[in-house]
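Q: Hey, can you walk me through this one? I haven't looked at it before.

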Amino acid sequence: MDLKDRVEDEGNAAGTDGSFDPGRADPGALARFRRTEFGRSIFRTPGRLTPRDRAAGHWANFFLHIYPVKMRRAEAGFRYSWYLGVISTVLLGSLVVSGIYLMFFYVPTPNQAYVNIQTLQVDVRFGQYIRNVHRWSAHLMVLAVAAHMARVFYRGAHKKPRQFNWVIGVVLLVLTLLLSFTGYLLPWDQLAFWAVTVGSEMAGYVPFVGNEVRETLLGGSSVGAPTLLRFYVLHVVVLPLLLGVVLMIHLWRWRKDSMLDLDPSGRANDSKGDDGD
Amino acid sequence: MTETNIDGSTPVEDNRRVLGIVPGKPVAGDRKEPDRQDLVMVWPHVLVRHAVVAMAVVVVVLLASVFFDAPLRAVANPTLTPNPEKAPWYFAALQELLSHFHPLVAGVLIPAAVIVGLGALPYIDTNPTRRPRDRKVAVLAFTMVMVLWIALTIIGFAFRGPNWEWVWPWVEWHGEL
C-alpha cells in the first residue's frame with residue numbers, strides 16, 4: 001500500500017459523512033482509472049485524499065454547482081420533501097426534450113397545426129409516443145409543483161429566512177400553469193380550441209381592462225390564427241425562458257439556505273450555517 | 001502479584017503507578033449517534049437518492065406513454081361549441097366557481113386572492129415554529145382551502161356534464177385531459 005492509498009483510507013475513516021470503511025483495500029476500477037493520465041484529464045480534480053479534498057472535488061465539478069456540498073441529514077431523506085421538487089425538475093427536463101422533438105414537426109397556423117399533429121402521430125417515428133410523453137409529463141408537472149408547494153407548507157420550510165423563496169415558488173407555479181395552458185391550444189383540435197376559449201373568457205371579467213387583456217392575449221376578439229401564433233411563441237420561447245431564469249434563482253436560494261441550522265421552534269442553533277457554501 | 005489498585009484491578013506493570021482512570025473511548029475520537037441535523041456529503045448521500053427518484057419518474061412517464069395515448073379530437077371548429085365546454089382540469093375549480101358566483105367574483109377576485117394569498121403566506125404565517133402541533137391554526141386553514149380547491153377541481157372535472165349539470169362520472173364521463 002503506497003502512501004497515497006493509505007492517506008485516502010485515513011481520509012475515509014475520518015470522513016464527516018459517516019462512510020466508515022476501514023477494510024477497503026482495493027480502491028476500485030473507477031479510482032484506478034481516475035489516476036491514469038486520461039482519467040485525470042477528464043475529471044480535472046486530483047485524487048480525493050481527505051474529506052476536504054472530496055468537498056473540493058464537488059466544488060470543482062460544473063454539474064454539481066447547483067447542489068450544496070453538504071446537507072442536513074434530515075433534509076436528504078424521503079420523509080422531508082418527498083422529493084417533489086426533484087420530481088418537478090425532472091418532469092421539466094422531460095418536457096424540454098420531448099417538446100424540442102415535437103417542434104421539428106409543427107407549424108403554428110390553423111391550416112397546418114392539426115394536420116401536423118395527425119402526421120406526427122401516424123408518419124413520424126416515435127411521434128405519437130413523444131407526444132404522449134409531453135402530454136403526461138405536463139399534467140404530472142402541474143400536479144408535482146402543486147404537491148411540492150403543499151409539502152413545503154406542511155414542513156414549515158417556507159418560514160423565516162426562506163420566505164422569499166416561497167414567493168419565487170408561487171411565481172413558478174403560475175408559470176407552470178401558463179405553460180400548460182398555452183400548450184393546450186397547440187394541437188388545434190376541438191378540445192384545445194374550446195378549453196382555451198373558456199379559459200381566456202375569465203381574463204375578460206377583469207374590470208375596466210378585461211377586454212383589452214383578453215384581446216391582447218388572443219390577438220383578436222376570439223381564438224384564431226393570431227392566438228395560435230401568440231400561444232406558440234409564449235409556449236416555446238417566452239415562458240420557458242422565464243421559467244428557466246426563475247427556477248435558477250429558486251435553486252440558488254435553496255442551495256444557499258441548505259446549511260441553515262434551525263431547531264423545530266424556528267431559532268437558529270448557531271451561526272455556522274450563515275453562508276450556504 | 002498480590003498488589004491491587006484502588007478499583008481492584010492489577011497494576012499494568014511493576015514500577016509504574018496508576019495516575020488516573022478515564023472512561024473508555026475509541027482512539028479515533030468520540031463516536032456519536034448520527035443526528036438528524038448532522039451534515040452529510042451531498043455526493044453520494046443526496047445525489048444517489050435524487051438519481052433514483054429521477055429514474056423512477058422517467059420510468060413512470062415512459063410507461064404511461066406506452067399505455068395511454070394523448071387525446072386528439074376533431075379539428076377545431078369555431079362554429080361547433082361542444083357541450084359541456086370544459087377548461088383544462090387545473091382550471092376546473094375556477095370554472096365550477098363561475099357557475100355559482102358572479103364572473104367578477106369567481107373569475108377575477110377569487111383567483112387573484114388565491115395567488116396573492118399564496119404569495120403572501122410566509123408573511124402572514126409568521127409563527128416561527130415548524131412543529132405541526134404548534135401551528136394548528138395555520139395547518140387547519142391551509143388544509144381546508146386545499147381540500148375545498150381539490151373538491152371543486154374534481155367536481156368541475158368529472159361531475160359536470162352538458163349545460164354544466166351534475167352527472168355521475170361512472171354513468172357519463174365528461175372529463176378531458
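A: Sure, here is a quick chat about the model, starting with one residue and then moving on to the chains.
A: This is a predicted model, where local features need pLDDT of at least 70, side-chain atom pairs count only at pLDDT 80 or more, and totals for chains, interfaces and linings use all residues. Residues are numbered from 1 along each chain as its sequence is written, while chains are lettered from A and ligands numbered from 1 in the order in which they are written.

Q: OK, where does A:Pro264 lie?
A: A:Pro264 is in the segment after α13 (225–257) of chain A. Helices are DSSP runs of H or I with at least four residues, strands are runs of E with at least two, and both are numbered from the N terminus.

Q: What is A:Pro264 in contact with, leaving aside its neighbours within four places in sequence?
A: B:Thr129, B:Arg130 and B:Arg131. Contact here says that the two C-beta atoms, placed from the backbone, lie within 7 Å.

Q: And why is A:Pro264 called partly exposed?
A: Because it has 13 other C-beta atoms within 10 Å. The cut-offs are 20 or more for buried and 12 or fewer for exposed, with partly exposed in between, using C-beta atoms placed from the backbone.

Q: Switching topic, how is chain A divided?
A: Into domain 1 (3–17 + 25–64) and domain 2 (73–257), with bounds from an automatic or database domain assignment. Their C-alpha centres lie 41 Å apart.

Q: What about chain B, which elements does it run through?
A: From the N terminus on, the order is β-α-α-α-α. Of its 177 residues, 16% are buried.
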